[in-house]
Amino acid sequence: MIGPMIGPMIGTDDVSTILSSGIRLTVPLAFAACGEYLAERAGAMNISVEAMMLGAAFGSIAVASATGSATAGLVAGVLVGLLIGLVHGNLSHRLEIDTFVAGLVLNALVLGLTGYLITVSDFDSHQVSQVSVPWLRDIPLIGPPLFVERWPAYLLVVVVPLTWWLVERSRWGLELRAVGERPRAADVTGIRVNARRRQALLWCGALAGLGGAYLAVGEVGSFNQNMTAGRGYIVVAAVIFGGWRLGRTLLGCAIFGLADAMRLALPALGVELNAQLLIAAPYLLALLAMLLLTNRSREPGALGRPFERGSP
């Protein structure tokens with residue numbers, strides 16, 4: 001019954017609109033996923049990416065409202081993400097708190113703190129400017145979705161290849177991969193294992209912060225309670241789905257973004273489906289894709305395992 005209903009309703013303009021929405025929903029995930037991918041390759045399972053995105057979303061709107069500059073808000077979001085990455089790294093490596101516990105505590109803390117602050121704050125709406133690329137925006141179907149975007153989205157053109165180069169080609173990336181695979185061997189060669197992991201968490205914090213800030217001052221223009229709605233966990237799932245390969249990780253983000261776009265678009269197109277099913281569909285799709293594809297790749301050998309010099 002659904003097929004005949006959708007067929008005549010969706011035209012070229014509708015498809016372009018759905019693609020535009022899917023790309024906008026994918027962009028914040030892609031920023032955060034680049035950071036999470038690098039962190040996990042270093043062996044640091046960063047559950048606090050949800051806190052990074054949510055805290056950055058709040059911080060970006062707060063600063064944008066105080067300064068009148070959405071760009072200042074974007075920078076503030078990156079700094080908030082960095083701060084949470086710094087806290088997580090020190091909790092895990094200096095205080096030796098289990099990294100999963102530290103991440104979950106930070107997620108709960110930021111969710112509660114932002115939920116309280118939004119009730120006692122009054123922020124204005126702010127958005128970064130939109131950029132339209134001449135000629136390319138006129139390409140049928142894909143032109144508007146890809147080439148009419150808020151300007152921070154185009155930073156992915158730099159962030160994605162830079163992340164890949166750092167992990168796969170730089171000396172620092174070689175050391176990151178070493179501490180993610182065989183930290184004891186890396187330690188013997190003089191690499192500071194936990195220092196490298198903390199650096200990876202900072203990179204993750206900066207990019208997750210950029211993703212959260214983009215969601216707030218790029219797309220929505222305001223902050224809503226729990227506005228990330230578990231997207232940080234989806235980012236972690238995307239890295240696993242991608243088999244710890246950057247290209248496949250970004251594909252996982254795109255799958256979730258498009259599924260989320262369909263969830264929003266189908267009711268507007270008059271397609272009647274169970275509301276709870278539509279809300280759950282993107283998460284179910286991400287879970288299904290992860291279950292089907294994760295067994296094809298091997299995780300970093302020391303992923304999520306604490307390192308203590310001198311322990312067996």
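What span should the 21 residues of helix α5 have at 1.5 Å a residue, and how far apart are its end C-alpha atoms? In this predicted model, helix α5 covers residues 99–119, for which the expected span is 30 Å. The end C-alpha atoms lie 31 Å apart, which agrees with that expectation.

The start of α5 shows a contact between a side chain and the backbone: a side-chain oxygen of D98 comes to within 2.9 Å of the backbone nitrogen of F100. Along the helix, the buried residues are T99, A102, G103, L106, N107, V110, T114, G115 and I118. An α-helix has 3.6 residues a turn, so residues three or four places apart point the same way. The partners of the buried residues of α5 are three helices, namely α3 (49–67), α4 and α11 (231–241).

One of these partners, α4, leads to a further helix pair. Two packed helices are described by the angle between their axes and the distance between the axes. Helix α4, residues 70–93, packs with helix α10, residues 193–220, at an angle of about 145°, and 7 Å separates the two axes. The crossing of α4 and α10 is right-handed. In the contact between α4 and α10, 12 residues are nonpolar, 11 are polar and two are charged.

These helices belong to a protein chain whose secondary structure comprises 13 helices and two strands. Of the 312 residues in the chain, 48% are buried. Among contacts in the chain with a separation of 6 or more, 78% join residues 24 or more positions apart.

Notes
Residues are numbered from 1 along each chain as its sequence is written. This is a predicted model: local features need pLDDT of at least 70, side-chain atom pairs count only at pLDDT 80 or more; totals for chains, interfaces and linings use all residues. Side-chain values use heavy atoms; hydrogens and water are left out. Axes are lines fitted to C-alpha atoms, for helices over the stretch in contact, and angles run from 0 to 180 degrees between N-to-C directions. Helices (H or I, at least four residues) and strands (E, at least two) are DSSP runs, numbered from the N terminus. A crossing is left-handed if the near helix is turned anticlockwise from the far one by less than a right angle, and right-handed if clockwise. Ala, Val, Leu, Ile, Met, Phe, Trp, Tyr, Cys and Pro count as nonpolar, Asp, Glu, Lys and Arg as charged, and the others, Gly among them, as polar. The expected span of a helix is 1.5 Å times one less than its number of residues. Buried means under 20% relative accessible area, exposed over 50%, partly exposed in between (1.4 Å probe, protein chains only). Contact means heavy atoms within 4.5 Å. A polar contact is a pair of N or O atoms within 3.5 Å; within protein, one must be able to donate a hydrogen and the other to accept it, and residues adjacent in sequence count only if both atoms are side-chain atoms.
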